[in-house]
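Colleague: Got a minute to go through this one with me?
Modeller: Sure, let's pull it up.

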Protein chains: 2
Amino acid sequence: VANRVISFARGAPAPECLPAAELADCARAALERDGATALGYGPATGYPPLRNWLAQRHGVAPERILVTNSSLQAFAFLVQHLAAGSRPRVLVEAPTYDRPLKILAAHGADVVALPMDEDGLDPDALERELDAGDASLLYTIPTFQNPSGRTLSLERRRRVAAIAAERGLLVLEDDPYGLVRFEGDALPPLFELEGGERVVYGSSFSKTIAPGLRVGWLVAPEPLAAALAELAVSTYISPVVPTQATVYEFLRRGHFESNLERVRGLLRARRDAMLGALERELPAGATWSEPNGGYFVWVDLAAGIDTRELLTRASAAGVTFVAGTDFFPSGAGGESALRLAYSFVSPEEIAEGIGRFGSLLPEPARRGR
Amino acid sequence: VANRVISFARGAPAPECLPAAELADCARAALERDGATALGYGPATGYPPLRNWLAQRHGVAPERILVTNSSLQAFAFLVQHLAAGSRPRVLVEAPTYDRPLKILAAHGADVVALPMDEDGLDPDALERELDAGDASLLYTIPTFQNPSGRTLSLERRRRVAAIAAERGLLVLEDDPYGLVRFEGDALPPLFELEGGERVVYGSSFSKTIAPGLRVGWLVAPEPLAAALAELAVSTYISPVVPTQATVYEFLRRGHFESNLERVRGLLRARRDAMLGALERELPAGATWSEPNGGYFVWVDLAAGIDTRELLTRASAAGVTFVAGTDFFPSGAGGESALRLAYSFVSPEEIAEGIGRFGSLLPEPARRGR
């Protein structure tokens, strides 16, 4: 640990989370069993056995599933679809995942930031923005949000689902982290509460199996799924097939739940290490989220501390994070905030790294607990 | 063969072309050897060992290589890049591969068709169009072109390369079929003749290993490669990694050349069967290309025969192809032409299918040879 840079910037699973030996065997078995299909061009909508598995899991017809090379790629198709012909107005949480913001900017979208608190996005603000003008899409990560680690409360889920249904608002519920829950009961997805007519559900196997596979999917109303499949076929003909077949083999062998339980345990220990270290090292006045799952803690270091400037000093001291401003659509907001990912680092590295980080903060205010 | 539909529409390798057993073992070995890397997020530019292999093969720095989920995906990034800010004017061969035409249309490009003959695109027409206005890109498939099977002559290659250099014309040389040559010596790529400053080279392992892998790449000047890598990271973070690692293992074991030789033999027999059947079954007045490699024969059935109408009758008779008009940017051109793919069907199916096809053509004119 001593001299290595400790990265709280990488929102990626640690190598020990990846079931490499099982996947190696699944990759071989999938190609031995179904090589002619898995090595040829596949359907743009996904490898059929995997698509059927996902359809069963979500309780929908397979025609509503679109498997893509990562869920971000699916988001890009959705935005491309919405931006064809007119400039889309897209509502996002502030803060939100930065990569979708880049895709929205590249397509010239009018991006509107919705405020959040510890219970997730503010439904009153959502209603106000819908009163102010039609929206093409609400993009939300209701569970263990990136970057904040926050989870939309059940009451707010019901309101957002009702707003979507009443106003005909298209919602993309991005849910990569929902299954990576350490404690407490899962909350129902917006997709289920609304009925899946206006809420499109997106997820991936990046956090539950391995991100290098780049297997994501959407559950959308059939006409939308078909329109996005048209974009997919025009972009890459079909998503990469052998990795989909490998995932399917992994599922078919029943590895999914046991692996997920193992991953939850590894990440729970990291989350605990992170919250403990923050409690020890951060000054009075600093606040942070306390996620029940996922990869991230969102820290706010009280006004006056510029986390972009702090990042420069932190990098020099051997610890990195992502500055809060990266997660706001306008670049305004989050000046004193930052995202800490605990997923890629060991509990020991977390203790050491947060120690380094805390030592950079104003001394007088440190709690020293 | 009797009652099955025979598809000359599918430009895909027959299952027996796919080295499934070797790839199954390579997939396992790649994940066993380098699972932590191959299962995590990778660089947007590609799996480093594969990128380095490609750089060596093309004699360029690795920074000039961008590996993508299929070469079509790379084309989509290039067009997205060119279309940012202004409407690109793009020169294409007529006929040309239909999927790029869809991508160009989706980005609102002004697409200009360049006429071809048996020696490929007409350089005089290229010069005339450049005199008429600046072009953002020339998109060309110089070797065993899709859909025509035609190959740009050496003399014309030299002229196109010189035009690109003199006029600063950006060229995308799409070369998926070049290595699938049945006889004769390979012609130098435009990329080599021009020196790779204005000519971007694109290819994939779809025709030399397996298309389901969806591993394609570009060789571009470093600033352009970097700009496209930015689009890649914003679209899918990284291309799918285990399949790239599988391809690299296949290369590392030295399977590439021996497999390619095997594939060439399988496809040569199909090409021979196709040309023989056309000679037997097509009426006087019909002409067709005689490719030395690749997947396709382009047939022109003399004026007055509408191949879209013919396709309806052919499908009913159990044989399919792609009508020529699909390969023209405006939809005008190719009315009496069609593309026949011999890659997916056996020599026996080719004989039977072209027999069915020929029986639909005007009787009096049939050669009956």
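**The two-chain model**

Modeller: Start at the rotation axis: of the residues of chain A, A:Arg28 comes closest, its C-alpha lying at 2.6 Å. This is a predicted model, where local features need pLDDT of at least 70 and side-chain atom pairs count only at pLDDT 80 or more, while totals for chains, interfaces and linings use all residues. Residues are numbered from 1 along each chain as its sequence is written, chains are lettered from A in the order in which they are written, and side-chain values use heavy atoms, leaving out hydrogens and water.

Colleague: What turn lays chain A on chain B?
Modeller: A turn of 180 degrees with a shift of 0.0 Å along the axis, giving an RMSD of 0.0 Å (least-squares superposition on C-alpha atoms of residues with pLDDT of at least 70 in both). The two copies are thus related as by a two-fold rotation axis.

Colleague: How many residues of chain A are in contact with chain B?
Modeller: 46, against 46 of chain B, with contact meaning heavy atoms within 4.5 Å. The chains bury about 3500 Å² between them, 67% of it on carbon and sulfur atoms (accessible area, 1.4 Å probe, lost on being put together, summed over both). A:Leu39, A:Tyr41 and A:Arg214 supply 20% of the area chain A buries there, more than any other three residues.

Colleague: And how many salt bridges between chain A and chain B?
Modeller: Zero, counting a side-chain nitrogen of Lys or Arg within 4 Å of a carboxyl oxygen of Asp or Glu.

Note on methods: Buried area is the accessible area (1.4 Å probe) that two parts lose on being put together, summed over both.
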